[in-house]
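Student: I have a model open on my screen and would like to understand where its ligand sits. Could you walk me through it?

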Amino acid sequence: MWTRDITQNAHQFILSHISNCEENSLNVLDATMGNGNDTLFLASLAQAREVWAFDVQRLAIKNTKENLENKLNILSDSSNKYHNTNIENINEVSIKTSNNTKINLICQSHLAFTDFITDKLDIIMFNLGYLPTSDKKISTEAEITVKTIEKCLKQLNSMGIMTIITYIGHDNGMEYSIIKQYLGNIAYKDYKVLRITIDNASENCPQLFVVIKE
Ligand code: SAM
């Protein structure tokens, strides 16, 4: 079901793609944690076994941790051992939920995700650009994003899904164009790439890529 909210559309694609997967069986990457709305969605999936979320801003860990604490049943949180340390000085937090899902919040560029994850990934989400509520200068960068996508394609499991939400406004569409060009040239026999857009909306409306690995 199509909605006006591009993020919800990405969530719907993921939900329908994994509907037949077993509980606690999937490895999940949120490449752009931000305020943790996507991390929350991914961590709430019954099928999620372990979730890794990355952001270059420490504030993202704080905001995402609060978001998860408010909406999930948390069993343990590794940051509790740092009693006197401000959360904004902690680079990595591991959280366990009552559904037995492990969530790792990591302050690092997504480009470094292979330093933390050796398993194959079943679901990957990118929500590019900047955090509307934060410093707009801290934004995803086309070159780093494409290098990370390239690594993600290799680490994606067979029948895995990757969604990439791109915004045109923050760099006049440069990141979007580079990603479109890159994904348009990956092997058709190995990956299927969808691009979802609204044809009769403004040229600047966000664009969603959905990549499925064969
Ligand atoms: N998914 C988020 C949510 O649900 O709130 C929104 C993400 S926001 C549009 C984009 C985020 O990407 C920002 O928080 C920004 O700091 C982060 N970012 C920028 N460059 C990054 C990089 N190289 N690695 C990881 N995150 C990055």
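Student: Which pocket does the ligand take up?

Tutor: Happy to help, and please keep in mind that this is a predicted model. If you look at the space taken by the ligand, you are looking at the largest pocket. That pocket has a volume of about 740 Å³. The answer to your question is therefore the largest pocket.

Student: Which elements give two or more residues to the shell around the ligand?

Tutor: Start with the shell itself: 23 residues surround the ligand, the closest being Thr32, Asp38, Asp55, Gln57 and His110. By class, the shell has nine nonpolar, 12 polar and two charged residues. The elements that give two or more of the shell residues are helix H2 (37-43) and strand S2 (48-55).

Student: Which residue has a side chain with an N or O atom 2.7 Å from an oxygen atom of the ligand?

Tutor: Let's go through the polar contacts one by one. A ligand nitrogen is 2.7 Å from a polar backbone atom of Thr32, and a ligand nitrogen is 2.7 Å from a side-chain N or O atom of Asp38. For an oxygen atom of the ligand, the side chain with an N or O atom at 2.7 Å is that of Asp55.

Student: How much of the 600 Å² that the ligand exposes when taken alone does the protein bury?

Tutor: The starting point is the ligand by itself, which exposes 600 Å². Of that area, the share buried by the protein is 94%.

Technical notes. Residues numbered from 1 in each chain as written. Predicted model: local features only at pLDDT ≥ 70, side-chain atom pairs only at ≥ 80, totals over all residues. Heavy atoms only, no water. Near = heavy atom within 4 Å. Polar contact = N/O pair within 3.5 Å; in protein donor to acceptor, adjacent residues only side chain to side chain. Areas by Shrake-Rupley, 256 points an atom, 1.4 Å probe, with all protein chains shown as cover. 1 Å grid on protein atoms, 1.4 Å probe; cavity = no way out; pocket = protein on both sides within 12 Å on 5 of 7 lines; lining within 4 Å. Sits in = over half its atoms within 2 Å of the grid points. Helix = DSSP H or I, 4+ residues; strand = E, 2+ residues; numbered from the N terminus. Nonpolar A, V, L, I, M, F, W, Y, C, P; charged D, E, K, R; others polar. Points joined across faces, edges and corners; volume = space filled by probe spheres on them.
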